[in-house]
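Work through these exercises with the model open beside you. Try each task before reading its solution.

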Amino acid sequence: MDVDEPPSQTSILTSDWTIEIDYARLGQLQRDDSSQAVDKDFQDEIKRLTDEIEQMAPNLKAVDRLESVEESLKVAEDEFSVARNAAKTAKERFNAIKQKRFSLFYDAFSHISEHIDRVYKDLTKNETFPLGGTAYLSLEDTEEPYLEGIKYHAMPPMKRFRDMEQLSGGEKSVAALALLFAIHSYKPSPFFVLDEVDAALDNANVSTVASYIREHATDEFQFIVISLKQLLYEKAQSLLDQYQS
């Protein structure tokens, strides 16, 4: 670099292009100082500016890459649309089946819940307690009742509310028969087979159960009762004895 030349534009020819250098912005101190330190500062600045120019240069492969990315995006959008429609269809089918399940369950539960108190009263009422006891069902989960349990409460005549586990054996037997007959009233079966359901009952309750069975027995709804109680024999339409030698 010849710093003694007057300020002007000097053309330096390179292999690929021509750079016109403008010395007009150089200060007097920079012109007078020809030390290596000043030269190094200029070289560092040239390198920095060159790096900036290279970074500003356009990426000629960007268009091809953009097209590839757009194609991949379109494929992903199509797959997402298919998956979203499949998920929507599956959700609609699930909700339909869930609603059908709820309806079937609740129809049965409502019917049985309405009949169980009436049946229990018929099995527990007598001359002393003409109104009989009280029985009812309750759901542990009202939103999806089929996922949880059903609580069954039975209160014999003139007795306070207690858990089913605290009832006597005879009281539990009567409560179980009331539930069985209430379930049967929803979808009747042609016959029942009762195997010694009166084993824990006293004579008064045996008589009540026998009367209930006799009253509801028809040609379309028959009872086969296995029992050792005489009161049931008296109300039976026919008897079959079995002897073991």
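The exercises below go from the overall fold to helices, aromatic rings and a pocket; the model is predicted.

**Exercise 1. Describe the make-up of the chain: how many helices and strands are there, and in what order do they run?**

Step 1. Count the elements. The chain has 6 helices and 6 strands.
Step 2. Read them from the N terminus. The order is β-β-α-α-α-β-β-α-β-α-β-α.
Step 3. Look at burial. Of the 245 residues in the chain, 22% are buried.
Step 4. Look at contact range. Take the contacts between residues at least 6 apart in sequence: 54% of these join residues at least 24 apart.

**Exercise 2. Check the length of helix 4 against the expected span, then find what covers its buried residues.**

Step 1. Locate the helix. Helix 4 covers residues 169–186.
Step 2. Work out the span. The helix has 18 residues, so at 1.5 Å a residue it should span 26 Å.
Step 3. Compare. The end C-alpha atoms of helix 4 are 26 Å apart, which agrees.
Step 4. List the buried residues. Among them are Gly170, Glu171, Ser173, Phe181 and His184.
Step 5. Find the cover. It includes helix 3, strand 4 (150–155), strand 5, helix 5 and strand 6.

**Exercise 3. Classify Ser173: is this residue buried or exposed?**

Step 1. Place it. Ser173 sits in helix 4.
Step 2. Apply the cut-off. Buried means under 20% relative accessible area.
Step 3. Decide. Ser173 has a relative accessible area of 18%, so it is buried.
Step 4. Name the neighbours. Leaving out residues up to four places away in sequence, Ser173 touches Val197, Ala200 and Leu201.

**Exercise 4. Repeat the span check for helix 5 and trace its packing.**

Step 1. Check the span. Helix 5 has 14 residues and reaches 20 Å from first C-alpha to last, close to the 20 Å expected.
Step 2. List the buried residues. They are Val206, Thr208, Val209, Ala210, Tyr212 and Ile213.
Step 3. Find their partners. These residues pack against helix 3 (62–124), helix 4, strand 5 (191–195), strand 6 and helix 6.

**Exercise 5. Classify two aromatic pairs, Phe102 with Tyr106 and Phe221 with Phe223.**

Step 1. Know what to read. A pair of aromatic rings is described by the distance of the centres and the angle of the planes.
Step 2. Set the scene. The whole structure holds 10 aromatic pairs.
Step 3. Take Phe102 and Tyr106. Their ring centres are 5.5 Å apart and their planes lie at 15°, so the pair is stacked.
Step 4. Relate this pair to the helix. Phe102 and Tyr106 are 4 residues apart in helix 3, so about one helical turn separates them.
Step 5. Check exposure. Phe102 is partly exposed at 22% relative accessible area. Tyr106 is partly exposed at 37%.
Step 6. Take Phe221 and Phe223. The centres are 4.5 Å apart, with 50° between the planes, and the pair is tilted. Both residues are buried.
Step 7. Look for a cluster. Ring pairs link Phe102, Phe105, Tyr106, Phe109 and Tyr146.

**Exercise 6. Describe the largest pocket: what is its volume, and which residues lie nearest its centre?**

Step 1. State the volume. It is about 920 Å³.
Step 2. Name the lining. There are 24 lining residues, with Phe223, Ile224, Val225, Ala236 and Ser238 nearest the centre.
Step 3. Assign elements. Helix 5 (203–216), strand 6 (222–226) and helix 6 (230–235) each supply at least two lining residues. Strand 6 gives the most, with 5.
Step 4. Sort by type. The lining has 14 nonpolar, 6 polar and 4 charged residues.

Conventions. Residues numbered from 1 in each chain as written. Predicted model: local features only at pLDDT ≥ 70, side-chain atom pairs only at ≥ 80, totals over all residues. Heavy atoms only, no water. 1 Å grid on protein atoms, 1.4 Å probe; cavity = no way out; pocket = protein on both sides within 12 Å on 5 of 7 lines; lining within 4 Å. Points joined across faces, edges and corners; volume = space filled by probe spheres on them. Nonpolar A, V, L, I, M, F, W, Y, C, P; charged D, E, K, R; others polar. Buried < 20%, exposed > 50% of the residue type's maximum accessible area, 1.4 Å probe, protein only. Contact = heavy atoms within 4.5 Å. Expected span 1.5 Å × (residues − 1). Phe/Tyr/Trp six-rings, centres within 6.5 Å; stacked < 30°, edge-to-face > 60°.
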